[in-house]
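Subject: The two-chain model, with notes

Dear colleague,

I am handing over the structure that we spoke about, and I would be glad if you kept it open while you read. The notes after it say what was found.

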Amino acid sequence: MATTNRPDAPDRDALLRMFEIQQKIKTADERFRAMLTSGQVQLIYYSPRGQECISAGYAVHLRPDDYVVTIYRGLHDHIAKGVPMRELWAEFLGRGTGTCKGKGGPMHVTHPASGLMVTTGIVGAGIPIANGFGLAAQLSGTDQVTVVNFGDGASNIGAFHEGLNMAAVWKLPVIFVCQNNLYGEHTPMAMSTGVEYISERAASYGMPGVTVNGNDPVAMWKVAGEAVARARAGEGPTLIEARTYRFWGHLMGDAMEYMPKEERKAAMAADPLPAFRAWLLENGHANESQLAEIEDKIKALVDDAVDFAMNSPEPPMDELYTDVYEEIIK
Amino acid sequence: MTTTEPRIMPMGMAINEAMDVALGLDEKVFLLGEDIAEPSGGVYKITKGLSTKYGTERVRKTPISEAAIIGAAVGAAIAGYKPVAEIMIMDFIGVCLDQITNHAAKIRYMSGGQTTVPMVIRTSAGAGRGFGAQHSELLEAFAVHSPGMKVVIPSNPADAKGLLISSIFDADPVLFVEPMLMYWDPAYAGEVPAGDYRVPLGKANTVVEGKDVSLISYGRQVHTCKQAAEALAAEGISAEVIDLRSIVPCDEAAVMASVTKTKRAVVVHEAVTRCGFGAELSSRIHEELFGTLAAPVQRVGGKNIPIPYASNLEKAFLPQVGDVVAAVKRTNK
């Protein structure tokens with residue numbers, strides 16, 4: 001991030017909210033990885049580390065009653081939309097106190113009270129569903145918007161094409177956020193995608209498309225704000241391609257042989273969060289003690305959530321057949 | 001038509017009436033699908049007039065995008081609507097299978113009951129019209145194999161109306177399979193109650209009472225069973241015909257009660273026999289009633305082939321009255 005001040009930056013409140021969201025994501029992610037590598041817990045884990053600016057950048061524009069849809073790599077989106085940390089941790093650890101009573105897990109976190117409506121484990125599948133939330137808002141005459149997150153790989157699946165076309169035809173209040181971390185699972189984008197910028201695809205649907213540096217919080221905030229405003233005003237969808245990098249490969253335990261070592265090293269050296277922190281200090285948006293206070297508060301929040309989850313029981317066995325249907329059908 | 005005259009109508013009109021009633025009852029109900037608005041009112045005219053009456057917002061045409069149609073219905077259902085999505089022909093279900101099996105069916109469970117998906121997928125199916133292998137197939141077995149989905153297949157106009165209204169106001173996703181051949185054929189027309197008429201899911205109907213053998217079916221093949229029952233009666237065999245109406249939930253109590261009485265059962269459906277719902281039901285009957293059965297449960301279904309085009313071959317694919325009669329004879333050796 002540039003060290004000079006930015007005339008296009010949001011106000012201090014928004015900047016600090018973005019910092020707080022990013023710090024929550026980083027702290028939670030670091031704890032998950034530490035607990036996994038130490039063998040304290042076992043779970044399938046897709047680290048969002050490196051991508052947290054994107055979630056923070058759109059989330060500060062959203063209201064609790066706006067909708068977010070995300071994917072298996074979704075922890076950053078869950079936290080950004082305000083899913084409570086305790087219930088989130090408990091869900092990741094498969095506990096009965098989790099958001100979904102432990103029945104969904106990290107790939108299916110749902111918390112409607114926060115507006116986190118769907119987390120899908122199927123690449124691209126959230127896109128058509130997000131249209132349904134947009135359609136519901138449009139039919140109800142509310143100005144709620146829906147943000148649907150997916151990766152670069154998802155832009156090559158049929159649901160992306162069907163979904164973006166339908167959203168454009170119906171002018172749905174949906175913001176399509178492609179978190180382009182340059183890899184679809186183990187395959188670099190250049191080997192799977194025929195365009196240099198995924199945002200180019202927007203033109204073929206008749207909707208605005210923009211590529212933004214997803215590691216630049218101010219730029220991401222600005223682009224997301226424009227898309228959210230357009231959607232709220234009934235002017236239809238936007239495709240945002242937010243360029244970023246995932247620091248820990250596809251999923252934890254990934255040997256990452258397909259990611260050039262130098263490339264990853266450079267990306268981690270340019271870690272957007274410390275850069276944002278330094279920029280906030282250098283430009284007088286916050287002082288050290290303010291930021292340290294936020295960091296301490298978040299550490300305590302995550303400590304509390306870990307304790308809560310680790311001390312929570314597994315779901316009771318009588319939950320096995322409930323929630324399949326309204327009534328129990330065996 | 002005055003209220004004193006019987007309301008005789010084909011199944012297509014009864015289904016239209018069900019949607020008309022539901023749209024009128026609840027503003028959260030809306031329809032989406034390919035070509036469903038005026039002027040066409042759907043390729044089979046099943047939604048005729050509804051977009052004129054309720055507007056193209058609530059009776060909306062979609063692009064030919066099955067995954068987008070079902071996905072939009074899933075999202076809107078979670079957000080509090082009661083969408084009725086039309087997949088024109090059941091063979092097209094493959095295009096949106098992920099949205100059905102991974103999302104519509106699983107979301108209530110995956111969310112621990114926080115989000116629900118009260119939607120209906122209406123689709124037409126069935127061989128006998130010379131449409132070939134990709135426009136004729138009954139594929140209900142996949143949905144039975146997807147916990148979270150309910151599956152309804154009506155056999156007559158009154159049930160079609162009553163079951164569809166119940167499905168639209170059900171709390172869970174329902175795959176509603178409409179036998180294409182029965183839409184407008186006067187041979188299948190029947191009396192349909194007016195207004196908000198509902199038939200509950202999971203309640204089988206004993207169409208013909210009998211004591212020697214139970215013919216258990218659903219959809220258009222209920223009629224094959226009725227004809228078989230008449231043929232068997234001429235030979236002194238008393239067949240009971242059970243119309244399941246819905247196969248998830250399945251009225252196993254009615255099935256077991258009938259087979260306990262008759263000690264013989266034949267399960268009949270149009271879907272290919274191999275891994276069809278008949279295999280499941282036959283297995284359940286054996287598990288429950290093995291010691292009391294006079295003979296193994298027999299299955300009659302479509303042949304295990306893609307549906308042929310040529311009319312003689314297509315007819316040979318379909319279960320025939322003679323096949324059902326022969327299956328009954330196998331239980332009587």
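Before we come to the strands, one term is needed: two strands are said to pair if DSSP finds at least two bridges between them. With that in mind, please look at chain B, where strand β4 (residues 82-89) and strand β5 (residues 120-125) pair in the parallel sense, over five bridges. Within this part of chain B, B:V84 stands opposite B:V120, which belongs to β5(B). Please remember throughout that this is a predicted model, and that the values below are computed from it.

The first sheet

The pair just described belongs to an open sheet of seven strands in chain B, whose order is β3-β2-β4-β5-β7-β6-β12 and whose pairing is mixed. Which strands stand at the edges? They are β3 (59-61) and β12 of chain B, and each has a single partner strand, so one side of each is left without a neighbour in the sheet. From one strand to the next, the twist averages 20°. Helix α7 (residues 157-168) of chain B lies across β2, β4, β5, β6 (150-152), β7 (174-179) and β12, and it runs at about 160° to β7(B).

The second sheet

Chain B also has an open sheet of five strands, in the order β9-β11-β10-β13-β14, and here too the pairing is mixed. Its edge strands are β9 (205-208) and β14 (298-302) of chain B, each of which pairs on one side only, and the twist averages 25° from one strand to the next. Strand β10 (residues 213-217) of chain B runs parallel to β13(B), to which four bridges join it, and B:S217 stands opposite B:V268 in β13(B). Two helices are worth finding on this sheet. Helix α10(B) packs on the sheet by touching β10, β13 and β14 of chain B, and its direction makes about 160° with that of β13(B). Helix α12 (residues 321-330) of chain B packs on the sheet as well, touching β10, β11, β13 and β14 of chain B, with a direction that makes about 165° with that of β14(B).

A pair of helices

Two packed helices are described by the angle between their axes and the distance between the axes. In chain B, helix α3 (residues 66-78) and helix α4 (residues 97-104) pack at an angle of about 25°, and their axes are 8 Å apart. Since angles under 35 degrees count as roughly parallel, α3(B) and α4(B) are therefore roughly parallel to each other. The residues that meet are B:A67, B:I70, B:G71 and B:V74 from α3(B), and B:D98, B:Q99, B:I100, B:H103 and B:A104 from α4(B). Sorted by class, this contact has five nonpolar, three polar and one charged residues.

Details of the backbone

Most residues other than glycine have a negative phi, and most peptide bonds are trans. With this as background, four places in chain B deserve a careful look.

- The peptide bond from B:E38 to B:P39 is cis, with omega near 5°, and B:P39 is found in the loop between β2 (29-33) and α2 (50-54) of chain B.
- The peptide bond from B:V248 to B:P249 is also cis, with omega near -5°, and B:P249 is found in the loop between β12 (246-248) and α9 (252-262) of chain B.
- B:R245, in the loop between β11 (239-243) and β12 of chain B, has a positive phi near 70° without being a glycine. B:R245 counts as buried because it has 28 C-beta neighbours inside 10 Å.
- B:C275, in the loop between β13 (265-272) and α10 (277-289) of chain B, has a positive phi of about 60° although it is not a glycine. With 14 other C-beta atoms within 10 Å, B:C275 is partly exposed.

Chain B as a whole, and its partner

The secondary structure of chain B comes to twelve helices and 14 strands, and buried residues make up 57% of its 333 residues. How many residues of chain A are in contact with chain B? There are 32, and they are in contact with 35 residues of chain B. The elements of chain A that give two or more residues to this side are α5 (126-140) and α6 (158-169), and α5(A) gives the most, with nine residues. The residues on the side of chain A that touches chain B divide into 18 nonpolar, nine polar and five charged.

With best wishes

Note on methods:
Residues are numbered from 1 along each chain as its sequence is written. Chains are lettered from A and ligands numbered from 1 in the order in which they are written. This is a predicted model: local features need pLDDT of at least 70, side-chain atom pairs count only at pLDDT 80 or more; totals for chains, interfaces and linings use all residues. Two residues are in contact if their C-beta atoms, placed from the backbone, lie within 7 Å. Ala, Val, Leu, Ile, Met, Phe, Trp, Tyr, Cys and Pro count as nonpolar, Asp, Glu, Lys and Arg as charged, and the others, Gly among them, as polar. Axes are lines fitted to C-alpha atoms, for helices over the stretch in contact, and angles run from 0 to 180 degrees between N-to-C directions. Angles under 35 degrees count as roughly parallel, over 145 as roughly antiparallel, 65 to 115 as roughly perpendicular and the rest as oblique. A residue is buried if 20 or more other C-beta atoms lie within 10 Å of its own, exposed if 12 or fewer, and partly exposed in between; C-beta atoms are placed from the backbone.
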